[in-house]
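Biologist: Could you walk me through the labels on this model? I would like to see each value set against its definition.

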Amino acid sequence: MAFDYDLFVIGAGSGGLAASKRAASYGAKVAIAENDLVGGTCVIRGCIPKKLMVYGSHFPALFSEASGYGWKVGNAELDWEYFITSIDKEVRRLSQLHISFLEKAGVELISGRATLLDSHTVEVDGRKVTADKILIAVGGRPIKPDLPGMEYGITSDEIFHLKEKPKHIVILGAGYIGTEFACIMRGLGSEVTQITRGEKILKGFDEDIRTEIEEGMTNHGIRLIKNSVLKTIEPVPEGFKLTLSGEDQEPVIADVFLVATGRTPNVDGLGLENAGVDVVASSIEGPGYLSTNAIAVNEYSQTSQPNIFAVGDVTDRINLTPVAIGEGRAFADSEFGNNRRQFSHQTVPTAIFSTPEAATVGLTEAEAREKLGDAVKIFHTRFRAMYHSLTGKQEKTMMKLVVDSNTDKVLGAHMVGDSSAEIIQGVAIAVKMGATKKDFDATVGIHPSAAEEFVTMR
């Protein structure tokens with residue numbers, strides 16, 4: 001049977017863009033469909049605009065710290081409209097850049113929402129096309145609990161387009177998205193309250209990372225309300241009143257309410273049932289949280305239909321942009337490049353762009369102890385960075401290595417403090433290669449730097 005395309009990609013986000021360009025480089029005839037700006041969550045409403053907001057949120061602290069070095073800095077004021085508009089312009093510039101990359105690669109971009117009609121046929125706004133292979137890379141979307149008043153809350157999608165800076169923002173959720181935006185908005189000058197169902201933020205991360213970030217946030221003036229569940233939200237003249245569980249817990253009033261309780265694979269309306277593509281449960285724990293589905297795939301990102309594949313957040317494996325890109329390229333290499341290979345989901349580094357910043361690679365201490373018990377050896381340091389010796393601030397940096405004492409292999413590396421992401425990126429190479437603690441010890445440190453502590457811990 002002759003097909004219109006060798007590969008049809010649904011979704012022009014990180015994974016879809018990477019896969020389509022790589023497949024086209026092997027000579028495949030490729031089309032990609034997108035019903036939004038090209039670039040996906042990362043470019044449009046995720047990593048990029050968020051990181052720009054992170055940069056912007058750091059300036060008040062820099063102005064304050066400059067005085068410790070003898071600089072006289074006058075009154076500083078944020079032009080919120082200019083700030084938000086500048087970020088939006090950059091997002092749109094990057095989206096256009098990705099379109100030009102597709103054109104240069106010879107990939108046809110089709111604007112519109114794509115739906116599967118069968119295992120080889122896709123419909124995009126009334127146009128039917130066929131493809132030998134189909135890749136689904138539509139990502140995920142924010143999800144809200146099914147609780148009274150949730151319609152008043154915004155998600156991380158909308159926070160980049162607020163017309164005014166919030167006076168007081170309440171954030172529901174203790175994951176990395178909620179934590180990052182709590183720090184961003186506090187740095188930008190808003191009063192911030194973060195509500196968590198548990199005793200600590202950032203479930204799943206190393207305990208020392210969770211403790212250090214939480215302490216830093218509290219020191220920066222963020223109010224954390226723990227072990228609380230939101231019961232109701234109602235509009236009041238000042239904004240919204242949030243009633244929480246607990247007899248002694250007073251209602252919280254704020255002008256903006258951000259729901260950051262998780263994301264779900266964006267499978268609705270894809271027509272998966274028409275093509276016989278199986279899904280698996282992907283649920284978010286807690287009262288009022290709905291069970292959702294992710295596309296089931298094997299180690300080669302292949303679905304239950306042999307010619308249909310899926311990569312990125314829609315599969316709910318590791319929901320990170322570089323992972324989606326890696327999965328997409330591995331798929332293209334395997335199916336079009338005569339290089340069948342799997343993308344490794346082991347030892348994937350990641351960062352939390354909170355204030356203080358954190359980054360991690362490999363096993364947490366708890367994960368290592370569950371596997372190895374008392375054979376785990378921990379190397380840990382906590383100090384005030386040299387930069388703050390003149391600022392007078394008591395900002396702390398924490399570094400930690402998790403080591404298997406049987407083999408001396410470094411199983412995990414964790415850091416909280418300035419430039420954590422930049423430092424852990426380099427450390428991740430060593431951990432991925434199986435470096436031992438002796439290898440770290442034999443490495444000469446760069447002095448004076450914070451990073452040298454990773455090779456001087458004893």
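Modeller: Let's begin with lysine 133, which counts as buried at 16% relative accessibility.

Biologist: What makes lysine 133 count as buried?

Modeller: Buried means under 20% relative accessible area, exposed over 50%, and partly exposed in between, using a 1.4 Å probe with protein chains only. Lysine 133 is at 16%, so it counts as buried. Before we go on: this is a predicted model, where local features need pLDDT of at least 70, side-chain atom pairs count only at pLDDT 80 or more, and totals for chains, interfaces and linings use all residues. Residues are numbered from 1 along each chain as its sequence is written, and side-chain values use heavy atoms, without hydrogens and water.

Biologist: How do you know that lysine 133 and glutamate 335 meet in a salt bridge?

Modeller: The term asks for a side-chain nitrogen of Lys or Arg within 4 Å of a carboxyl oxygen of Asp or Glu. Here the N to O distance is 3.9 Å, so the pair qualifies. The pair links distant parts of the chain, with lysine 133 in strand S6 (residues 127-136) and glutamate 335 in helix H8 (residues 321-336), 202 residues apart. Helices (H or I, at least four residues) and strands (E, at least two) are DSSP runs numbered from the N terminus. Glutamate 335, at 23%, is partly exposed.

Biologist: What separates aspartate 88 and arginine 92 along helix H4?

Modeller: About one helical turn, because they are four residues apart in helix H4. Their side chains meet in a salt bridge at 3.0 Å, N to O. Both are partly exposed, aspartate 88 at 23% and arginine 92 at 45%.

Biologist: And why do cysteine 42 and cysteine 47 count as a disulfide?

Modeller: A disulfide is a pair of cysteine sulfur atoms within 2.5 Å. The sulfur atoms of cysteine 42 and cysteine 47 are 2.5 Å apart, so they meet that limit. A search of the whole structure finds one disulfide. Cysteine 42 is buried at 11%, whereas cysteine 47 is partly exposed at 28%.

Biologist: Why is this disulfide called left-handed?

Modeller: The torsion about its S-S bond is about -135°, so the disulfide is left-handed.

Biologist: Why does cysteine 183 have no such bond?

Modeller: The closest cysteine sulfur, in cysteine 47, is 17 Å from the sulfur of cysteine 183, which is too far for a bond. Cysteine 183 is buried, at 4%.

Biologist: How do you know that strand S20 and S23 pair?

Modeller: Two strands pair if DSSP finds at least two bridges between them. Strand S20 (residues 358-362) and S23 have five, in the antiparallel sense, so they count as paired. Methionine 415 in S23 is the bridge partner of alanine 359. On strand S22 (residues 396-404), seven antiparallel bridges lead to S23, and valine 403 stands opposite valine 410.

Biologist: What makes strand S23 mostly covered?

Modeller: Seven of the eight residues in S23 (residues 409-416) are buried.

Biologist: Last one: why do S11 and S13 stand at the edges of their sheet?

Modeller: Three strands form an open antiparallel sheet in the order S11-S12-S13. Strand S11 (230-236) and strand S13 (252-254) each have a single partner strand, so one side of each is left without a neighbour in the sheet. S11 and strand S12 (residues 239-244) pair over six bridges, with proline 235 opposite phenylalanine 240.
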